[in-house]
Amino acid sequence: MSFPKIELHVHLEGTVAPGTLLEIARRNEVALPADSVESLAAVYRFRDFAHFLDVWTLTTSALRTERDFRQVVVDYAAQAAAHGAIYIEGIFTPAEPARRGVRWEEVFAGYCDGAQEAWETHGVRVALTPDIPRDHPIEDAERTVGHAIAHAGRGVVGVGLGGSESDFPPGPFGPVFARAREAGLGSVPHAGEAEGPESIRAALDVLGADRIRHGIRAVEDAGLLADLADRGVVLDVCPTSNLRTGVVPDLAAHPLPVLLASGIGCTVNTDDPAMFGTDLSAEHAMARRLGASPVASYEAGLHGALCDEATRADLRRIGAEFDWATATA
Ligand SMILES: [Zn+2]
């Protein structure tokens with residue numbers, strides 16, 4: 001039977017399915033390159049990374065109002081719940097709509113309301129980790145952190161860093177991450193995807209990372225693998241994403257078995273499910289082929305989640321009560 005899942009690395013903008021995007025674009029009178037679900041699905045179909053970025057822009061440009069942001073969270077919570085998700089840390093990038101003129105407050109209010117509604121309607125806990133785009137001016141990082149701190153009581157639990165890891169190392173973001181951490185938020189940057197061990201070390205040292213999103217290129221440095229294991233730093237691994245972006249040439253070459261053998265907790269995640277054509281069950285099936293047992297993935301999520309201790313105790317109880325021998329999907 002399906003088993004309980006904790007997903008810690010999913011971009012809410014990357015969960016918007018073609019049908020939802022059509023509905024939102026119509027509501028906002030935004031033109032799309034296709035006007036039926038079928039033809040838009042064809043546009044969505046993954047080709048290469050450049051095309052993925054085009055689809056990303058298409059989707060994020062259509063999301064404009066509090067209602068849109070709220071809908072995206074609730075829709076994904078329903079989808080993920082169908083795959084067994086009980087706790088999700090959803091990423092969103094508020095600086096992108098803000099750059100297009102949407103008020104920061106509207107973006108945060110929409111996602112926070114969505115998290116509340118997801119819990120009430122679907123029984124899925126959604127915590128939020130707004131992402132800072134590496135290529136934006138530092139003021140956007142400061143605003144992201146300021147709003148994240150202001151919404152800490154409404155489901156925001158951490159801040160992340162995303163975008164081109166190769167062109168924008170984390171150095172300039174040290175002070176804003178320090179401010180977020182002082183306010184009690186977690187640090188969950190992307191690192192070790194496009195770049196190697198040095199980028200992961202910088203995420204740990206400069207950003208005080210609690211977890212690393214991806215982090216799979218830690219396999220290039222045995223010392224780093226040992227450090228991650230010793231410090232209990234969890235990696236949020238996304239198998240399909242790694243294949244789509246070409247970071248890993250094929251599933252057999254995926255570093256997950258080495259990471260697990262090194263004693264590192266690894267969660268299993270979709271990253272951008274609508275754009276990569278995947279879902280949480282498919283990711284777990286792949287991870288399982290690579291040696292990640294369902295219970296080990298759950299334990300990594302339990303350990304790595306930025307939730308409060310009452311929530312963690314609840315997740316621990318759910319894991320303890322589940323009969324993992326029956327876990328198949
Ligand atoms: Zn990501």
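Two residues are in contact if their C-beta atoms, placed from the backbone, lie within 7 Å of each other. The structure used here is a predicted model, in which local features need pLDDT of at least 70 and side-chain atom pairs count only at pLDDT 80 or more, while totals for chains, interfaces and linings use all residues. Residues are numbered from 1 along each chain as its sequence is written.

**Exercise 1. The chain as a whole**

Task: find how many helices and strands the chain has, and why it may be called as compact as a globular protein of its length.

Solution. Begin with the secondary structure, where helices (H or I, at least four residues) and strands (E, at least two) are DSSP runs, numbered from the N terminus. The chain comes to 16 helices and 9 strands. Next, take the radius of gyration over C-alpha atoms, and compare it with the globule rule, which is 2.2 Å times the number of residues to the power 0.38. The radius of gyration is 18 Å, close to the 20 Å that the rule gives for 329 residues, so the chain is as compact as a globular protein of that length. The C-alpha trace spans about 50 × 45 × 40 Å along its principal axes. Finally, look at the contacts with a separation of 6 or more: residues 24 or more positions apart account for 74% of them.

**Exercise 2. The nonpolar core**

Task: state which residues of the largest nonpolar core touch the most other members, and which residues Val 73 touches.

Solution. First, fix the word buried: a residue is buried if 20 or more other C-beta atoms lie within 10 Å of its own, exposed if 12 or fewer, and partly exposed in between. By this rule, buried residues make up 50% of the 329 residues in the chain. A nonpolar core is then a set of buried Ala, Val, Leu, Ile, Met, Phe, Trp, Tyr and Cys residues joined through C-beta atoms within 7 Å. The largest core has 89 residues, of which Val 73, Ala 77, Tyr 111, Val 126, Leu 128, Leu 259 and Cys 266 touch the most other members. Its largest share, 7 residues, comes from helix α4 (residues 66-82). If residues up to four places away in sequence are not counted, Val 73 touches Leu 12, Gly 90, Tyr 111, Gly 114, Ala 115, Ala 118 and Val 126.

**Exercise 3. Strand β4 and its neighbours**

Task: find which strands β4 pairs with, and which helices lie on the crossovers.

Solution. Two strands pair if DSSP finds at least two bridges between them. Strand β3 (residues 125-133) is joined to β4 by 3 bridges, and the two run parallel, with Asp 131 opposite Gly 160 in β4. Between them the chain passes through helix α7 (residues 138-150), and this β-α-β crossover is right-handed; the term applies if, with the strands pointing away from the viewer, the path from the first strand over the helix to the second runs clockwise. On to strand β5 (residues 186-187), which runs parallel to β4 and is joined to it by 2 bridges, with Gly 158 standing opposite Gly 186. Here too the β-α-β unit, made by β4, helix α8 (residues 174-182) and β5, is right-handed. As for burial, 4 of the 5 residues of β4 (residues 158-162) are buried.

**Exercise 4. The buried side of α8**

Task: explain why the buried residues of α8 lie on the same side of the helix.

Solution. The buried residues in α8 are Val 176, Phe 177 and Ala 180. They cover an arc of only 100° around the axis, which puts them on the same side of α8; the arc is that of the directions from the helix axis to the C-beta atoms. What covers these buried residues includes α7, β4, β5 and α9 (197-207). After the helix comes Gly 184, whose phi is positive, near 95°.

**Exercise 5. An open sheet and two positive phi values**

Task: give the strand order of the open sheet, and say whether His 214 and Asp 271 are buried or exposed.

Solution. The sheet has 4 strands in the order β6-β7-β8-β9, with parallel pairing. Its edge strands, each pairing on one side only, are β6 (190-191) and β9 (266-268). In strand β7 lies His 214, which stands opposite Ala 191. Phi of His 214 is near 80°, a positive value in a residue other than glycine, and His 214 is buried, with 27 other C-beta atoms within 10 Å. Asp 271, in the loop between β9 and α13 (273-276), has a positive phi of about 70° although it is not a glycine. Asp 271 is also buried, with 28 other C-beta atoms within 10 Å.
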